[in-house]
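Q: Hey, I've got this one open and don't know where to begin. Pick a spot and walk me through it in plain words, please.

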Amino acid sequence: MMKQELQVTLSLANNSDNCKYITPKIIEAISEGVMITDVNSRIVDVNPAFEFVTGYKKEEVIGKKPDVLQSGVHGKDFYQRMWNDIRDKGEWQGEIWNRRKTGDVYPEWLKIMEVHSHDGSVLGYCGVFSDLSDEKMVESELKKRAMTDSLTGVSNRFAYNERMDVLLNSSRKHNYQHAVLFLDLDRFKQVNDTLGHSVGDQLLVEVTKRIQTLLKNKDILARYGGDEFVITFTDIHHPREAIHLGEKIIHLLEEPFNIDNQNLYISSSIGISIYPHDGTDTEILLNKADKAMYFAKENGKNQFAFYFDELHTDAKRSLLLDAELRKAIEQKSFDLFYQPKIDLKKHQVIGVEALVRWNNEKLGNVSPAEFIPYAEETGLIIPISECIIERACLDAQILAHEGFKKVPIAINISSIHFHQQGFIHSLEQILEKNNLPARQFELELTERTIMNNERETIRKLVKLKQMGFKLSIDDFGTGYSSLSYLVQFPLDYLKIDRSFIQHICSLNDKQAVVDAIIQMAHRLHMKVIAEGVEQSDQVKLLDEMDCDMIQGYYYSKPLPLDQLMEFLEFWELELEGK
């Protein structure tokens with residue numbers, strides 16, 4: 001309502017006895033609160049909306065000053081500036097916090113105007129206000145949502161950065177130390193890919209709850225994105241306190257998570273940077289903690305590492321690795337080496353396993369132990385797997401042309417690739433393109449790949465069997481090993497992990513496990529392949545245990561295709577000589 005309109009609708013008398021405001025119907029009807037005072041700031045009238053918002057009845061405030069509503073939020077300077085504006089400009093408007101009769105403090109938008117007589121003298125004041133509580137609640141909720149991770153309820157990346165900036169600004173004048181811990185869940189993608197994003201989300205919530213039990217009120221916890229968390233451990237006296245926290249987190253997250261009536265096991269890799277030793281601003285501290293986390297992950301996972309200067313070199317290598325790996329995918333410049341598998345009873349080469357190798361002009365020979373985990377983390381493993389399968393098809397054609405038609409090639413299948421919706425279709429396309437039958441290949445899958453989401457896994461495995469592929473479980477004994485699942489899968493082979501084979505001649509428990517696996521597999525009509533066989537006494541013992549096939553350096557290291565064909569020729573000549 002404009003000042004001119006108020007002057008029309010309000011009549012004011014000059015003396016206090018006759019100082020009665022005639023409140024028109026329009027003022028009674030409007031939704032804004034209206035308060036009218038005399039020249040001495042005594043309340044002479046209010047409207048029904050005033051009563052509704054403040055909780056005061058008209059008779060309770062008539063004759064009193066507006067300070068009956070003061071909240072105590074604003075100081076004397078605020079009110080002094082307000083009255084200066086009213087005297088100088090004839091009005092003031094702005095946001096102000098007042099107090100209801102109940103004691104609740106609330107925000108309102110208030111406009112105060114002088115009311116003049118015909119000769120221009122001030123007769124009193126009229127205040128018109130609207131309650132901003134609802135708007136403030138919405139604003140607060142929006143701000144909370146903008147600053148909070150919607151899944152876990154802790155700070156998000158934006159809020160963490162803001163809180164850190166405030167913390168570091170207040171720490172510069174004091175000798176405070178803070179530790180920044182950058183945490184990443186190891187193999188979390190496998191949980192998402194095998195069990196679904198719903199289970200993955202539940203896991204993140206439970207991880208958050210466990211971490212929160214270790215923190216003080218002033219510490220900062222944020223979900224930084226995906227399966228990454230950042231923790232600021234404030235006001236530490238020595239870096240060893242960060243060590244203790246890192247150890248506690250690692251041990252706490254090692255305990256199984258029961259989600260949807262199944263136990264999930266994960267681990268975590270943590271990188272640590274220290275303020276002010278490693279940096280004095282948020283971005284530098286985060287960057288260094290992130291580098292340290294990747295160092296911990298690349299050196300075995302399930303551990304923590306402090307940042308040190310040499311990690312800068314590793315960061316450059318990671319950038320180069322990513323760029324060169326993408327080029328290698330585009331140019332299909334991966335090589336395959338093949339390790340023979342020997343039938344112990346028939347003493348024949350019954351197949352080979354394809355093992356990827358990558359020689360890069362800038363990086364040199366890059367170990368699969370370096371680029372395969374990186375590819376899995378970034379999702380590049382899918383196009384790499386397709387390159388490997390295509391290369392295996394080309395080599396299979398060469399082997400067939402040279403007379404080695406009965407040497408099936410075993411290919412390792414990534415869990416991420418296997419659980420892609422278009423996995424089987426991509427296999428069909430590659431085989432069709434190269435005019436090769438599926439029976440020419442064996443697909444090796446890890447326990448972790450097939451022991452989750454068994455219904456979908458069974459469907460895929462049955463389809464692959466119908467196509468003609470042989471199927472095997474790689475590294476058996478190192479994963480989830482569940483007989484109730486195992487009997488449902490149409491598998492041909494179990495491959496016993498080399499960690500069991502290495503000590504079967506010296507450790508009775510390893511020998512007992514290997515023997516039990518062989519007997520179990522035979523009962524389930526599967527054959528057993530022992531990998532990592534290097535010694536004659538291992539071969540002899542495995543033969544006595546009735547193991548079907550062996551693979552390892554005892555017979556041959558992995559060979560490039562031309563050397564493999566020489567090996568096969570020599571093997572056949574040796575058999576003929578016998």
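A: Let's begin with N47. If you skip its neighbours within four places in sequence, N47 is in contact (heavy atoms within 4.5 Å) with I27, E28, I30, E32, G33 and V34.

Q: Hang on, what kind of model is this, and how are residues numbered?
A: It's a predicted model, where local features need pLDDT of at least 70, side-chain atom pairs need 80 or more, and totals for chains, interfaces and linings use all residues. Residues count from 1 along each chain as its sequence is written, and side-chain values use heavy atoms, leaving out hydrogens and water.

Q: Ok, back to N47. Where is it in the chain?
A: N47 is in the loop between β2 (43–46) and α3 (48–54). Those labels are DSSP runs numbered from the N terminus: helices are H or I with at least four residues, strands are E with at least two.

Q: And is N47 buried or exposed?
A: N47 counts as buried because its relative accessibility is 1%. Buried means under 20% relative accessible area, exposed means over 50%, and partly exposed is in between, using a 1.4 Å probe and protein chains only.

Q: How much of the chain is buried?
A: Of the 578 residues in the chain, 47% are buried.

Q: And how many helices and strands are there?
A: The chain has 23 helices and 22 strands. As for its contacts with a separation of 6 or more, 61% come from residues 24 or more positions apart.

Q: Got an example of residues far apart in sequence? How far apart are F469 and E442?
A: In sequence they're 27 residues apart, but their C-alpha atoms are 5.6 Å apart in space. F469 is in the loop between α18 (454–467) and β18 (470–476).

Q: Which residues does F469 touch?
A: Not counting residues up to four places away in sequence, F469 touches L427, L431, A438, F441, L443, L464 and D492. F469 is buried because its relative accessible area is 3%.

Q: Switching to helices. At what angle do α14 and α16 cross?
A: Helix α14 (residues 381–401) and helix α16 (residues 423–434) have axes that come within 10 Å and cross at roughly 30 degrees. So α14 is roughly parallel to α16; under 35 degrees counts as roughly parallel, over 145 as roughly antiparallel, 65 to 115 as roughly perpendicular, and the rest as oblique.

Q: Which residues make that contact between α14 and α16?
A: From α14 there are E386, I389, E390, C393, L394 and Q397, and α16 brings S426, L427, I430, L431, K433 and N434. F469 from earlier touches two of those names, L427 and L431, among its contacts.

Q: What about α7 and α11, what's their angle?
A: Helix α7 (residues 157–171) and helix α11 (residues 282–298) cross at roughly 115 degrees, with axes that come within 10 Å. Y160, N161, M164, D165 and L168 of α7 meet T282, L285 and L286 of α11. An axis here is a line fitted to C-alpha atoms, over the stretch in contact for helices, and angles run from 0 to 180 degrees between N-to-C directions.

Q: What comes before α7? Where's D149?
A: D149 is in the loop between α6 (133–147) and α7. It has 11% relative accessibility, so it counts as buried.

Q: Now α8. Which of its residues are buried?
A: In helix α8 (residues 188–195), F188, V191, N192, T194 and L195 are buried. They pack against β6 (178–186), α9 (197–212), β10 (262–264), α15 (415–418) and α17 (447–450). Just after α8, G196 has a positive phi of about 100 degrees.

Q: What's the usual sign of phi, and are most peptide bonds cis or trans?
A: Most residues other than glycine have a negative phi, and most peptide bonds are trans.

Q: What's phi for S41 and for H525?
A: S41 isn't a glycine, yet its phi is positive, near 65 degrees. H525 isn't a glycine either, and has a positive phi of about 65 degrees.

Q: Are those two buried or exposed?
A: S41 counts as buried because it has 15% relative accessibility, whereas H525 is exposed, with a relative accessible area of 72%. S41 lies in the loop between β1 (33–38) and β2, and H525 in the loop between α21 (508–523) and β20 (527–531).

Q: Last one: which residues does a cis peptide bond join?
A: Y275 and P276, with omega at about 0 degrees. P276 sits in the loop between β11 (267–275) and α11.
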